[in-house]
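Student: I would like a close look at one part of this protein, the sheet. Please go through how the strands are arranged and what packs on them.

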Amino acid sequence: SRPDPDLRTRVERQLADLLRAEGIPPRAVYRPGEVCRLLRISRSTLLALCQLAEHPAARQAPPRALDSFLVGCHHRISHAALVEWLERNQKFQRDSA
């Protein structure tokens, strides 16, 4: 399916609103605790979403997978990965309904 520029715009606005509501400044990379606050999920849920993206057996990660990278042994999530995750999951939910 083709990218939906309107969805991308809505997702960017949604993320900006979440950041503002939580008092987190927009930046290129977020710590797990910040992402947990934004998405209102537990740290274990966040790590499970990150692990879905890392699983070597997954050729195409499921829509719930959240791309992250490690700094030492600490996960970091990029702003772009958050936007893509929100966009993918909103699209997936609409397409599945």
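Tutor: This is a predicted model. Start with the sheet. Three strands make it up, in the order β1-β3-β2. The sheet is open, and its pairing is antiparallel. β1, residues 29–30, is an edge strand. β2, residues 69–71, is the other edge. Each of these edge strands pairs on one side only.

Now take the β1 side. β1 pairs with β3, which covers residues 74–78. Two bridges join β1 and β3, and their sense is antiparallel. One position can be picked out by name: Tyr30 has Ile77 of β3 opposite.

Next, look at what lies across these strands. Helix α2, residues 32–39, lies across β1 and β3. The direction of α2 is at about 55° to that of β3.

Then place the sheet in the chain. The protein has four helices and three strands. Along the sequence, the pattern reads α-β-α-α-β-β-α. In that pattern, two helices come between β1 and β2. β3 follows β2 directly in the pattern, yet in the sheet β3 sits between β1 and β2.

Finally, the wider setting. Among contacts in the protein with a separation of 6 or more, 51% link residues 24 or more positions apart. The protein has 97 residues, and 29% of them count as buried. About 6,400 Å² of the protein is exposed. Carbon and sulfur atoms supply 54% of that area.

Notes:
Residues numbered from 1 in each chain as written. Predicted model: local features only at pLDDT ≥ 70, side-chain atom pairs only at ≥ 80, totals over all residues. Heavy atoms only, no water. Pairing = 2+ DSSP bridges. Contact = heavy atoms within 4.5 Å. Axes fitted to C-alpha atoms, helices over the stretch in contact; angles between N-to-C directions. Buried < 20%, exposed > 50% of the residue type's maximum accessible area, 1.4 Å probe, protein only. Areas by Shrake-Rupley, 256 points an atom, 1.4 Å probe, with all protein chains shown as cover.
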